[in-house]
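User: Hi! I've got a new structure open and I'm not sure how to read it. Could you walk me through it?

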Amino acid sequence: MNLGKIVPIAGFPVHETTRQDLAIHLLTTLHQHEKISLLFANSNFVVKCKSLLNRMYNDSVLIVNDGVGLDIVAKCLHGGAFKANLNGTDFTPYLFCESSRPLRVFMLGAKPEVVEKAAEHVEQRLGQTIVGYCDGYSGLDDPQMIARINQSGAELLLVALGNPLQEEWILNHRDSLDVGIVTGVGALFDFWAGNQPRAPQFIQKIRLEWLFRLCHEPRRLMRRYTVDMLVFFARCFKYRKNPDTNETSDNPLQADY
Ligand code: UDP
């Protein structure tokens, strides 16, 4: 996969790229009938997906950086922040715009009423073709679910189950899915459905979207942005000092340390 340099973050191979290059790469992959799994790594991903790390060393898995936490670590440990901040919420509509034709999209995840409203938004406002959708609370591992997605003819599967459920689901089912691009998008369907507010642009610009979300859902997110954030930084710095502590001794990036 030729998509610029890889920056190791707590052992995760994070690709440093721009949204333009990423979109071109994905659309080319689609055109060539290849399969790709796109994962957005934020600090929560690094903490919650630790046990999945070795399974992510796979040519078809592409991890990109999401959020200020990864930039801080990249600056401290690798001498500079990432070129761009990539997240599923902003990147997915951008990918739609970059495609020369509407993409065939299947949406999996969130509550039934949320995914239904989000699917309407994607079709009516974002001009894509919805070939199916299903909530994220029933029959996720049922073989019929995989058959339904495959029969839909989807080119892009959006999986919105949160970390680490969505990453685990993608890794478990990727081989059986006949879909070009599969990506984990977290709370995206809630934003599209208007169920969760998105932070205003200026808050996003000063990189405080996490604080905005914390203020809206303090109970659910308090741990994520306090204890888990400390775990994230501790894990990144510990890994920098001693890569072997991450149980990834067979991973090729350890040579970078
Ligand atoms: N979700 C789901 N099934 C589950 C658990 C969560 O479909 O078993 C959905 C949830 O309804 C929400 C999405 O996963 O729409 C992601 O939520 P979260 O806010 O954790 O995403 P993030 O903050 O990581 O972007």
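User: Let's start with I206. Is I206 buried or exposed?
Analyst: Happy to help! One thing to keep in mind is that this is a predicted model. I206 is exposed, and its relative accessible area is 52%.

User: Where does I206 lie?
Analyst: I206 is in the loop between α9 (201-205) and α10 (209-216).

User: And which residues make the nonpolar surface patch there with I206?
Analyst: F202, L208, W210 and L211 join I206 in making that patch, which covers about 450 Å².

User: Okay, let's go inside. Which residues touch the most other members of the largest nonpolar core?
Analyst: Those are I9, M56, L157 and W169, in a core of 44 residues. Helix α3 (residues 68-78) gives the most to this core, with 4 residues.

User: Is there a second core? What residues does it include?
Analyst: A separate core of 35 residues is there too, and L27, I36, L158 and V185 are among its members.

User: Back to L157. What is it in contact with, neighbours within four places in sequence aside?
Analyst: Leaving those neighbours out, L157 is in contact with F106, L108, I149, W169, L177, V179, I181, V182 and T183.

User: Now L38. Which strand is L38 found in, and is L38 buried or exposed?
Analyst: L38 sits in strand β3 (residues 36-41). L38 is buried, because its relative accessible area is 1% and buried means under 20%.

User: How far apart are the C-alpha atoms of L38 and V64?
Analyst: They are separated by 7.7 Å, while the two residues are 26 residues apart along the chain. V64 is also one of the contacts of L38 once neighbours within four places in sequence are left aside, and others include L22, L26, L62 and F91.

User: What about a charged residue, say D228? Buried or exposed?
Analyst: D228 counts as buried, at 6% relative accessibility. You'll find D228 in helix α12 (residues 227-241). Aside from neighbours within four places in sequence, D228 is in contact with N44, V47, K48 and R223.

User: Changing topic: how many disulfides does the count come to?
Analyst: The count comes to 0 disulfides.

User: Why is there no bond for C76?
Analyst: The closest cysteine sulfur to that of C76 is in C236, and at 9.9 Å it is too far for a bond, because a disulfide needs the two sulfurs within 2.5 Å.

User: And C97, is C97 buried or exposed?
Analyst: C97 counts as exposed, at 63% relative accessibility.

Note on methods: Residues numbered from 1 in each chain as written. Predicted model: local features only at pLDDT ≥ 70, side-chain atom pairs only at ≥ 80, totals over all residues. Heavy atoms only, no water. Core = buried A, V, L, I, M, F, W, Y, C linked by side-chain atoms within 4.5 Å. Buried < 20%, exposed > 50% of the residue type's maximum accessible area, 1.4 Å probe, protein only. Helix = DSSP H or I, 4+ residues; strand = E, 2+ residues; numbered from the N terminus. Contact = heavy atoms within 4.5 Å. Patch = residues over 30% accessible without salt bridge, like charges linked within 9 Å, V, L, I, M, F, W, Y side chains within 5 Å. Areas by Shrake-Rupley, 256 points an atom, 1.4 Å probe, with all protein chains shown as cover. Salt bridge = Lys/Arg side-chain N within 4 Å of Asp/Glu carboxyl O.
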